[in-house]
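Please open the structure in your viewer and keep the selection tool at hand. The stops below can be visited in order, one selection at a time.

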Amino acid sequence: MRILGSALVAAAALVGSSLVAAAPATAAEESRYVARSEVIGTSHRGRPIKAYFRGDPKATHVLLVLGQMHGNERAGRKTASYLVRHRKPKAGTAMWVVPTMNPDGHRKGTRTNARGVDLNRNWPTSGWTRKGKGTRTWGGRARGSERETKAMMRFLKRVKPDYIASIHQPYGVIGKSSKDRAWHKRLATELGLKLKSLPVGPSDKVSPTLTGWYNRYYGKHGTATTIEYRAKPSTAWAGKKASRAIMTAARVR
Ligand SMILES: [Zn+2]
C-alpha cells in the first residue's frame with residue numbers, strides 16, 4: 001500500500017502541474033493489468049528458468065504457481081500453460097507462473113536435475129542431509145547447492161508471494177499444514193483432493209523442500225503448499241479445472 005500511496009501523490013502532483021481538473025483516482029482506476037515474462041535464472045546445463053507475470057504490478061495479493069520441480073511429473077506444466085494463456089487475475093491481484101524450475105530434468109524426463117539432485121530435498125533447512133547420493137531423493141552436496149534452487153530462492157525472496165502452489169505428482173493429495181488452514185481447505189474443496197501431511201525427513205527438523213523453506217523463513221509473508229496431482233489427470237482437469245481451482249482458492253479470481 002505504501003507504493004500505491006506514493007503513486008497517488010505522484011499522480012496528484014502531475015495533475016496539479018498540468019492544470020487539469022481530474023476526479024480523484026479510485027483504487028480501481030489505479031489498478032493496471034500487465035502481462036510479461038522474465039528469465040529468473042538458468043539450470044545446470046544453461047537452460048532458462050522462466051517466470052510469467054499476470055496482473056497488477058502494484059498488487060498486494062500475489063499467487064505463485066510452480067508447475068514442475070521434478071522433471072518426470074508433467075501435469076503441473078499443463079496448469080501453468082493454461083494459466084499463462086487463458087487466465088487473468090482479478091483487479092488488484094497478481095499471479096506469477098513458473099512452468100518448470102527443472103528444465104534439464106524435464107528435457108530428460110528425470111525426477112532429479114542434471115546433477116542427480118532431487119531439487120525438493122536441496123533447500124537450506126535444518127532437515128537437509130547429504131546422504132543418499134545416487135538415489136532419487138539425494139539432497140545434493142550442500143544445502144541450496146543447485147543453480148535451480150538458488151534461482152528460485154532469489155526469485156521467492158524478491159516476490160514474497162502470499163500463496164505458493166508447488167505442483168507434484170502422483171499421490172493425489174494436498175500437503176496438510178496447521179498454517180492457514182482456510183487456504184488448504186479451499187484448495188482441497190476446489191481441487192477435490194484430500195489433505196495429508198507430507199513431511200520430509202525427521203519430524204523435529206524443517207523439511208528441505210521449497211514449502212519447508214518458504215514457510216520457515218518467509219512464513220510471515222505467505223504460505224507455500226505442495227499439491228500432489230494424481231498420476232494421470234486429464235488435460236482438461238490439469239488445465240482448465242486446476243487453474244481455476246488454484247486461483248479461486250488463492251482468491252485471485
Ligand atoms: Zn514431485
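The tour goes from the metal site to the aromatic rings and ends at a loop.

This is a predicted model, in which local features need pLDDT of at least 70 and side-chain atom pairs count only at pLDDT 80 or more, while totals for chains, interfaces and linings use all residues. Residues are numbered from 1 along each chain as its sequence is written, and side-chain values use heavy atoms, with hydrogens and water left out.

Select the zinc ion, and then His70, Glu73 and His168, whose atoms ND1, OE (twice, from Glu73) and ND1 are its protein donors at 1.9 to 2.5 Å. Donors here are N, O and S atoms within 2.8 Å of the metal (3.2 Å for Na, K and Ca), and water is not among the atoms, so sites may look incomplete. Along the chain the donors follow the spacing H-x2-E-x94-H. The angles among the four donor atoms run from 55 to 158 degrees, and the site is irregular, the word for anything that is neither tetrahedral (four donors, all angles between 85 and 135 degrees) nor square planar or octahedral (four or six donors, opposite ones over 155 degrees apart and all others between 65 and 115). His70 and Glu73 are both buried, where buried means under 20% relative accessible area with a 1.4 Å probe and protein chains only.

Turn next to the aromatic rings, where rings of Phe, Tyr and Trp (its six-membered ring) pair if their centres lie within 6.5 Å, and planes over 60 degrees apart count as edge-to-face. By this rule there are eight aromatic pairs. Select Phe53 and Trp96: their ring centres are 5.0 Å apart and their planes stand at 65 degrees, so this pair is edge-to-face. Phe53 belongs to strand β2 (residues 48-55) and Trp96 to strand β4 (residues 93-98), so that the pair links parts of the chain 43 residues apart, strands being DSSP runs of E of at least two residues, numbered from the N terminus. Now select Tyr229 and Trp237, another edge-to-face pair, with 4.9 Å between the centres and 90 degrees between the planes. Then show Trp123, Trp213, Tyr214 and Tyr218, which ring pairs link into a cluster.

Finally, select Thr209, in the loop between β7 (194-196) and α7 (210-217). Thr209 is buried, at 5% relative accessible area, and, leaving aside neighbours within four places in sequence, Thr209 is in contact (heavy atoms within 4.5 Å) with Asn120, Arg121, Trp123 and Val200.

Notes. Helices (H or I, at least four residues) and strands (E, at least two) are DSSP runs, numbered from the N terminus. Buried means under 20% relative accessible area, exposed over 50%, partly exposed in between (1.4 Å probe, protein chains only). Rings of Phe, Tyr and Trp (its six-membered ring) pair if their centres lie within 6.5 Å; planes under 30 degrees apart count as stacked, over 60 as edge-to-face and the rest as tilted.
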